[in-house]
Amino acid sequence: MDYEQAEALMTDKRFQKLKYKQEKVNVFTIVGQTHTEHWHSSFMSWLLDAGSSLGLGHFPLARLLGLAIIHKPDCGLTLQDVFKLQLNHVRFQTEKTFSWKGGKRSIDVYGQSEELIIVIENKVRARENYNSSTTGQTQDYYDYVEQIRKPQQKALYFFITPNPGQRASCDAYIQVTYQEMYDNVIAKCIEHPQIREEEKYLLEQYASNLREIVGDSPMALVNSELCRGLYADYEETLKEVFDTVQKTQNLRESTEMPCILYLHYQSIFDEIYLTLVDEFGSTPKAAYTNRQHITFNDLYCAGLVQNGQKFYLQYDGATYTAQIVVWENKECRLQVLDLDGNDFLDSGGNVVGMYKLSSPAAVDIINIYRKKTGKKLLRTFDGPRYWKRKDGKSIADLVRSL
């Protein structure tokens, strides 16, 4: 990489816009409430309540109900129902407290009208708690609502979390990630032609907060269009930065242009890399990952894959093989095998080719053999769709069954 290439990227208006968005402090950060569940619940209540100052009526709630229909077709709600229900009458509150089994329970966000009850459990950092209950809080909320709701009321239950691998203990809940909340509800409100500037500002501030890191991942990626546009025009430059930084031991002592650039604009590069799941899915130093996709750990914890289970991928006239590997610490990976069904080994004789996600596994195993035949290398591949069991069930099918 030369200075001219670096200068072109640094001065691109999209790169500078991304820099500005990151540096602009949001109000949640100022008051120190970036990942407080109560604040997220309060925002959710304001967003979904048709009578709030947002001024978009039931538009946000209708978008959320659309996600319910997509994720759980048997939820008891149809698109026709959404059009017929008086969604403007649903009123929301936070921390709805009720007595249950000799104790107190509190629903994060609760919406109710004569036709509908909405229950939302927010999980930002914590796991579902049981509070001496053997069934878990989501099951308790479900049992309570089913007991009090009127015959004409439909009840819908949502479990909103940044982690797609985290599920409610009660099967009635529809899991929605914060990424989906941003893409399908918040972003649509920001783009709405009737949104007022003051309310648009609040939505953008909240969206800015969602890109903050929880654990080892952002709650949601909110600048995807900018990031993908930059990658489309600077693919080779960005790949060179990623590859160079990844293999450099001491970035601060390096005089290579990619390392110098990365150190100065690390948060910008990281957001670009996290957005491009099929290409990267992590930052160069693997400090952060994008949890937008279900990992093999998630599938294993859900009982959908087992140690030693084989998956097959047909491409380029060849059949590639991989197997599920589970270590003693219950870490689960997909291990790619050579065309004879043997392990890939590094120069030290160690087994390599272990993957958390199926798409990178597919790209790498295909490219190993494409290199040998001089074919053009793949950059992306829909791994979940093409890795299949012998019975024809794909990884995508397993993910949909979660």
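In this predicted model, Asp12 is a buried residue, its relative accessible area being 12%. The side chain of Asp12 meets that of Arg14 in a salt bridge, with a distance of 2.9 Å from N to O. Arg14, for its part, counts as partly exposed, because its relative accessibility is 22% and the buried class is confined to values under 20%.

Further pairs of this kind occur elsewhere, and the structure holds 16 salt bridges in all. In general terms, side chains of opposite charge can pair when their charged atoms come close. One of these salt bridges links Lys72 with Asp74, where the closest N and O atoms are 4.0 Å apart. Lys72 is partly exposed at 22% relative accessibility, whereas Asp74 is exposed, with a relative accessible area of 62%. Another salt bridge is formed by Arg105 and Asp140, whose closest N and O atoms are 2.9 Å apart. Arg105 belongs to strand β2 (residues 103–112) and Asp140 to helix α7 (residues 137–148), so that this pair ties together parts lying 35 residues apart in sequence. Both Arg105 and Asp140 are buried. Salt bridges with shared partners also join Asp12, Arg14 and Asp233 into one network.

Among the strands, an open sheet of 4 members is found, with the order β8-β9-β10-β13 and antiparallel pairing. The edges of this sheet are occupied by β8 (310–315) and β13 (354–355), each of which has a single partner strand, so one side of each is left without a neighbour in the sheet.

Within this sheet, β8 and β9 run antiparallel and are joined by 6 bridges. One of the pairs concerned is that of Gln314 with Thr319, the latter being the bridge partner in β9. The hairpin of β8 and β9 has 2 residues between the strands, and in this hairpin Asp316 takes a positive phi near 60°. Strand β9 (residues 318–326) is likewise joined by 6 bridges to strand β10 (residues 332–337), and these two strands also run antiparallel. In the pairing with β10, Ile324 stands opposite Leu334, while Gln323 has Gln335 as its bridge partner in β10. Strand β9 is mostly covered, since 7 of its 9 residues are buried.

Turning to the helices, two packed helices are described by the angle between their axes and the distance between the axes. Helix α11 (residues 235–247) packs with helix α13 (residues 266–275) at an angle of about 105°, and their axes are 11 Å apart. Because angles of 65 to 115 degrees count as roughly perpendicular, α11 is described as roughly perpendicular to α13. On the side of α11, the contact is made by Leu238, Val241 and Phe242, and on the side of α13 by Phe269, Ile272 and Tyr273. The residues of this contact of α11 with α13 comprise 6 nonpolar ones, with no polar and no charged residues among them.

Key
Residues numbered from 1 in each chain as written. Predicted model: local features only at pLDDT ≥ 70, side-chain atom pairs only at ≥ 80, totals over all residues. Heavy atoms only, no water. Axes fitted to C-alpha atoms, helices over the stretch in contact; angles between N-to-C directions. Parallel < 35°, antiparallel > 145°, perpendicular 65-115°, else oblique. Contact = heavy atoms within 4.5 Å. Nonpolar A, V, L, I, M, F, W, Y, C, P; charged D, E, K, R; others polar. Pairing = 2+ DSSP bridges. Buried < 20%, exposed > 50% of the residue type's maximum accessible area, 1.4 Å probe, protein only.
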